[in-house]
Number of protein chains: 2
Amino acid sequence: MPSPVSPATHDQALSILAEPVASALVEVERRLENLIPEQIGGLVPVIYRHVLQAGGKRLRPILALLSCSAAGGDQSAAVDLAVAVEVLHLSSLIHDDVIDQATERRGRPSVRQRWGNRASILVGDFLVAEVFRRLADDLGRQSLTVLAQSVVDMCQAELTETENGPTEDEYFCNIRGKTAALMASACEIGAIAAGNDSATRSLHQYGEKLGLAFQIVDDLLDLYGDPGALGKPVLQDLREGHWTLPVIQALSEADAGQRAALLELLRAAPHDDEAARAAAELTAELGGRAYAREYAARLANEAAEALGQLAPSPAVESLRSLAAYVLTRHH
Amino acid sequence: MPSPVSPATHDQALSILAEPVASALVEVERRLENLIPEQIGGLVPVIYRHVLQAGGKRLRPILALLSCSAAGGDQSAAVDLAVAVEVLHLSSLIHDDVIDQATERRGRPSVRQRWGNRASILVGDFLVAEVFRRLADDLGRQSLTVLAQSVVDMCQAELTETENGPTEDEYFCNIRGKTAALMASACEIGAIAAGNDSATRSLHQYGEKLGLAFQIVDDLLDLYGDPGALGKPVLQDLREGHWTLPVIQALSEADAGQRAALLELLRAAPHDDEAARAAAELTAELGGRAYAREYAARLANEAAEALGQLAPSPAVESLRSLAAYVLTRHH
């Protein structure tokens, strides 16, 4: 019998990993669908539904639910928090599209493309305030602090983004804020929901390492992925003059001549697709691709190791497999 | 001896009204200046300082502090909440400037004009998350709910804004969310800080009526104010095709011929300054200006009446005078 694919995700491998929390995940999806009170009309529900139905992986809710279960809690205790972390993620995507002037997201028109900057900014703000409003009770308070801090970290990281020539340290500082902070929070609030204070630290660490590995793989997919499988064009980072780990490493390891050649391609990439492709290839030849892959693998290992102190359970096993999953995904 | 002018506001009349809470207001300003932790570098502190030093009236902190005192609390108990409500206000201004593509704010370049959409959106998001993060403790929880709800209301109101031809009901629904919600919350959290649950309702009502009157006066100033005293151009609403209470009333009371004449001017206003001026004049002739003034005065009276149940005190007296102040302000 095939494994049931949760309606919450279109990624079958992820659905299988999420099996220990499948029923809670269905409930998360139901609450996500009913998030906006019925008396609220106008653009808010329309835009929210557009974003919700774009079919994300629901990776952050899955992390929160699995973490809750792994920390010995009842998965249902983390449902509201899992909803909260996903809505914060969705609202950050809406604002990111305004920031990046994106026309598409997951193969559909972006919110800003379809409804403009005004509605995008306001709906994003609405969702953040609504999430925090819902968490301002006894149960949500501690998680609210954790989640609000990760939003602060996200904004701060995006504001210090260096357009050209970041160091490896700067790269990691950026992706830690941009991606890893919210994933770390997703895992930490799972432990909080379980009422297991001693597990918050290790699950936070797990989520952070996983998030870093996830983003490195994301950046590798942008350079070397299959646009068909990804559902979006590749080489976007180079087109935007944004250099990620493989490029940073290739530049730092290359000899003077190779470095000059790569720099020339990188500088041409924003207005020359052929140069962008050649820059990605040269980066691979110079070892940047392999370096980034190994780095991601090391981080995924460290993520799994951070789970060491938790009692064995199907949820812990899923979290461990998730660390391997982020390395192998193609989209 | 002249009354001391608080460094927190450049409006002398308002400073005098704020005297019962002058020391707490100085502390609010100090904490506003030190809001961003020192380890946070980059654009966040730079942009935040730009907005903070633009010199707002600090009306919302004054409302929170006076309300706390009026509800029998120690004004110092409301300092953190007064900071929170002002930062939420400032962050909404930063996002509003992106939404409105504003080039100036209070006679200086707007954040988006100087640092672009990306930084404006992210710093606004940063500030909201930072405020909610700080409120997620035992003391701030109840206020967090109130403040988050007012942000939700603000976004919702701005999203349902009708560009042309709103009814009077729609106008009030809009300004209730856009302006009155946060002022009502400012007053309500003052009562919460005072630990006086029985005063939350009347102070909320006071703040809401005051906020409605405040916005009607704002809209009147845009039509009939002195650009020199305002520090900004007038007739902006008509230029943006945005019809406020005087216009709505004039249209509904006019006979068919006058109505057609006014509509023609209103439709020309976005691309013809002379038509905008003439539309404002005709609106006044048709009684719209007087109607809106009387409406604002009635609301200010109702605001003062909502204070009736509070024990007499200098703070209550100031709140009462504030209701009169919003009617007379010229900027």
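What covers the buried residues of H14(B)? In this predicted model, the cover includes five helices of chain B, namely H9 (197-224), H11 (236-239), H12 (245-253), H13 (256-268) and H15 (288-306). The residues covered in this way are B:Ala275, B:Ala276, B:Ala279, B:Ala280, B:Leu282 and B:Thr283. These buried positions lie on the same side of H14(B), because the arc they cover around the axis is only 165°.

Helix H14 of chain B itself comprises 13 residues, from 273 to 285. The distance from its first C-alpha to its last is 19 Å, close to the 18 Å expected at 1.5 Å a residue. At the start of H14(B), the backbone nitrogen of B:Glu274 is approached by a side-chain oxygen of B:Asp272, which comes to within 3.0 Å. After the other end, H14(B) is followed by B:Gly287, a residue with a positive phi, near 95°.

Further along chain B, the loop between H15 and helix H16 (314-328) contains B:Ala311. With a relative accessibility of 54%, B:Ala311 counts as exposed, because the threshold for that class is over 50%. Between B:Ala311 and B:Arg277 there are 47 Å in space, C-alpha to C-alpha, for a separation of 34 residues in sequence.

The arrangement of the two chains was examined next. Two copies of a chain are related by a rotation about an axis and a shift along it. Here, a turn of 180° with a shift of 0.0 Å along the axis lays chain B on chain A, with an RMSD of 0.0 Å. This is the relation of a two-fold axis. Of the interface residues of chain B, 100% are also interface residues in chain A, so the copies meet through the same surface.

Cysteine pairing was also considered. A disulfide is a covalent bond between the sulfur atoms of two cysteines. Over all chains, the count of disulfides comes to zero. For A:Cys155, the nearest cysteine sulfur is that of A:Cys173, 14 Å away, and A:Cys155 is in no disulfide. Because a disulfide requires the two sulfur atoms to be within 2.5 Å, the 14 Å separation rules out such a pair for A:Cys155 with A:Cys173. Seen from A:Cys173, the nearest cysteine sulfur is that of A:Cys155, and A:Cys173 is likewise in no disulfide. A:Cys155 has a relative accessibility of 5% and therefore counts as buried, the limit being under 20%.

Definitions and conventions
Residues are numbered from 1 along each chain as its sequence is written. Chains are lettered from A and ligands numbered from 1 in the order in which they are written. This is a predicted model: local features need pLDDT of at least 70, side-chain atom pairs count only at pLDDT 80 or more; totals for chains, interfaces and linings use all residues. Side-chain values use heavy atoms; hydrogens and water are left out. Helices (H or I, at least four residues) and strands (E, at least two) are DSSP runs, numbered from the N terminus. The expected span of a helix is 1.5 Å times one less than its number of residues. Buried means under 20% relative accessible area, exposed over 50%, partly exposed in between (1.4 Å probe, protein chains only). The arc is that of the directions from the helix axis to the C-beta atoms. Contact means heavy atoms within 4.5 Å. A polar contact is a pair of N or O atoms within 3.5 Å; within protein, one must be able to donate a hydrogen and the other to accept it, and residues adjacent in sequence count only if both atoms are side-chain atoms. Copies are superposed by least squares on the C-alpha atoms of residues with pLDDT of at least 70 in both.
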